[in-house]
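Colleague: Could you walk me through reading cysteines and helix packing in a model like this one?

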Amino acid sequence: MQVINKPDYEINDANCKEATGKTISEWFAELDSFGALEKGRRNSLVHMADALNTQQFWWATTVYVLYEAHKGVVKKDGLGEGYSICVTKTIKAPVEKVYALWTDPTAFADMFGDGGKQDASEGGGISCGGGCKGTFTRVRPNKDLRFTWEHPGCTAPMTVDVMFQDNKGKTLMNVMTSRIQTRAEADGLRDAWSGFLNKLKALSEA
């Protein structure tokens, strides 16, 4: 699976002001006034969203991650919380079939492309010819998968959670990647996982 590290929009004051009415530095001042670090990310994003529409949420999240970096906020590993992206897809097939296709090495290779390989067992690996790699840390059949993730050009390892949820005989897929350090990586991963889920949907519904 190829991940192209490219943000949806160029991040600068001019683009931010055009989209949200404020520059990045003006948003920083707004967050300072709000007491963002004390009130936390969730409350701060809600506060920002009150002044924005849904299409502008990309900018709200981006500005807040930049704000945390500006303030030197990091986790115990020395990295920022970063971005989380969630890709969902409803598939007209039962969970058992969708899970079986995801974890089948041959089907996975066809959907993943780029010489994709995986051993969907705890401690097993996931990789592709382009240099992506990871290790499964949790495998609960027909429920969820968790694995570490790295791809060429990424800043640091991430965590991917894959959830298979039954919805009246259909499968609600949810792929969440967390601890993404840059907007470019976040947008690239969102697009890449969307493409993978489209292939999974087509194969599952065939």
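Modeller: Happily; we will take the cysteines and then a pair of helices, keeping in mind that this is a predicted model.

Colleague: How many disulfides are there, and how do I decide?

Modeller: A disulfide is called when two cysteine sulfur atoms lie within 2.5 Å. By that rule the count is one disulfide. The sulfur atoms of Cys128 and Cys132 are 2.2 Å apart, which makes them the pair. Both Cys128 and Cys132 are buried.

Colleague: Where is the nearest cysteine sulfur to Cys86?

Modeller: That sulfur belongs to Cys154 and is 20 Å away, and Cys86 is in no disulfide. Cys86 itself is partly exposed, at a relative accessible area of 38%. Cys154 is in no disulfide either; its nearest cysteine sulfur is that of Cys132, 10 Å away. Cys154 counts as buried, with 18% relative accessibility.

Colleague: Now the helices. What caps the N-terminal end of α1?

Modeller: Asn12 does: one of its side-chain oxygens sits 3.3 Å from the backbone nitrogen of Ala14, and the helix covers residues 13-20. Just past α1, Gly21 has a positive phi of about 90 degrees.

Colleague: And how should I describe the packing of two helices?

Modeller: Two packed helices are described by the angle and the distance between their axes. Here the axes of α1 and α2 (residues 24-34) come within 8 Å and cross at roughly 65 degrees. Asp13, Cys16, Lys17 and Thr20 of α1 make the contact with Ile24, Ser25, Glu26 and Trp27 of α2.

Colleague: What kinds of residue make up that contact?

Modeller: The contact of α1 with α2 has three nonpolar, two polar and three charged residues.

Methods
Residues numbered from 1 in each chain as written. Predicted model: local features only at pLDDT ≥ 70, side-chain atom pairs only at ≥ 80, totals over all residues. Heavy atoms only, no water. Buried < 20%, exposed > 50% of the residue type's maximum accessible area, 1.4 Å probe, protein only. Polar contact = N/O pair within 3.5 Å; in protein donor to acceptor, adjacent residues only side chain to side chain. Helix = DSSP H or I, 4+ residues; strand = E, 2+ residues; numbered from the N terminus. Axes fitted to C-alpha atoms, helices over the stretch in contact; angles between N-to-C directions. Contact = heavy atoms within 4.5 Å. Nonpolar A, V, L, I, M, F, W, Y, C, P; charged D, E, K, R; others polar.
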